[in-house]
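Hi,

Here is the structure I promised to pass on. Have a look first, and my notes follow below.

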Amino acid sequence: NGQYGVSQKTIQKLFRLLQDKEQHQRNAAAQDEESLPPQFEYKIEVGMLEIYNDEVYDLLDPGFSSSSTPLGTPRKKALDIRHGVDKTVEVPGLIKESVNTVSEVLSALDRGNSN
């Protein structure tokens, strides 16, 4: 129906802003080749987790199954959440996939949502 949700609109805008920044830098470099600014580089990674009953699960882990064992426990070990030295939040062991396009991000999100 052509209607996109907040997540998809945000992802599209992020890629559009990054492409605009790259284009702006190329245009500036073409006009003034003597004082080239540092090359604009970026890397986008996607990870997806679920917090359920105070446990954290990696939804992009191919071995993860959202269905439970007969005892009611998930089929994958829970991950930890930690604070990094630079006050960031880290989830050791969380799978992060490098993505280059909106469709790659949406594909990863679809796989995660299927879990």
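A residue counts as buried under 20% relative accessible area, as exposed over 50%, and as partly exposed in between (1.4 Å probe, protein chains only). By that rule, 21% of the 115 residues of the protein are buried.

Before the details, a word on the source. This is a predicted model, so local features need pLDDT of at least 70 and side-chain atom pairs count only at pLDDT 80 or more, while totals for chains, interfaces and linings use all residues. Residues are numbered from 1 along each chain as its sequence is written, and side-chain values use heavy atoms, with hydrogens and water left out.

The protein has 2 helices and 6 strands, taken as DSSP runs numbered from the N terminus (helices: H or I, at least four residues; strands: E, at least two). Along the sequence they follow the pattern α-β-β-β-β-β-β-α.

The largest nonpolar core (buried Ala, Val, Leu, Ile, Met, Phe, Trp, Tyr and Cys residues joined through side-chain atoms within 4.5 Å) has 12 residues, including Phe15, Met48, Leu59 and Val99. Helix 1, strand 1 and helix 2 are the elements that give two or more residues to this core. Val102 belongs to the core; leaving aside neighbours within four places in sequence, Val102 is in contact (heavy atoms within 4.5 Å) with Ile11, Gln12 and Phe15.

Helix 2 deserves a closer look. Its buried residues are Val102, Val105, Ala108 and Gly112. They cover an arc of only 130° around the axis, and therefore lie on the same side of helix 2; the arc is that of the directions from the helix axis to the C-beta atoms. These buried residues pack against helix 1 (6–31), strand 1 (44–46) and strand 6 (97–99). On the other side of helix 2, Ser103 and Asp110 are exposed.

How many salt bridges are there? The count comes to 3, a salt bridge being a side-chain nitrogen of Lys or Arg within 4 Å of a carboxyl oxygen of Asp or Glu. Glu97 and Arg111 form one of them, at 2.6 Å from N to O. This pair links distant parts of the chain, with Glu97 in strand 6 and Arg111 in helix 2, 14 residues apart. Another joins Glu45 and Lys43 at 3.4 Å; Lys43 is exposed, at 61% relative accessible area, whereas Glu45 is partly exposed at 42%. Arg82 also pairs with Asp80, the closest N and O atoms being 3.6 Å apart.

Happy browsing, and best wishes!
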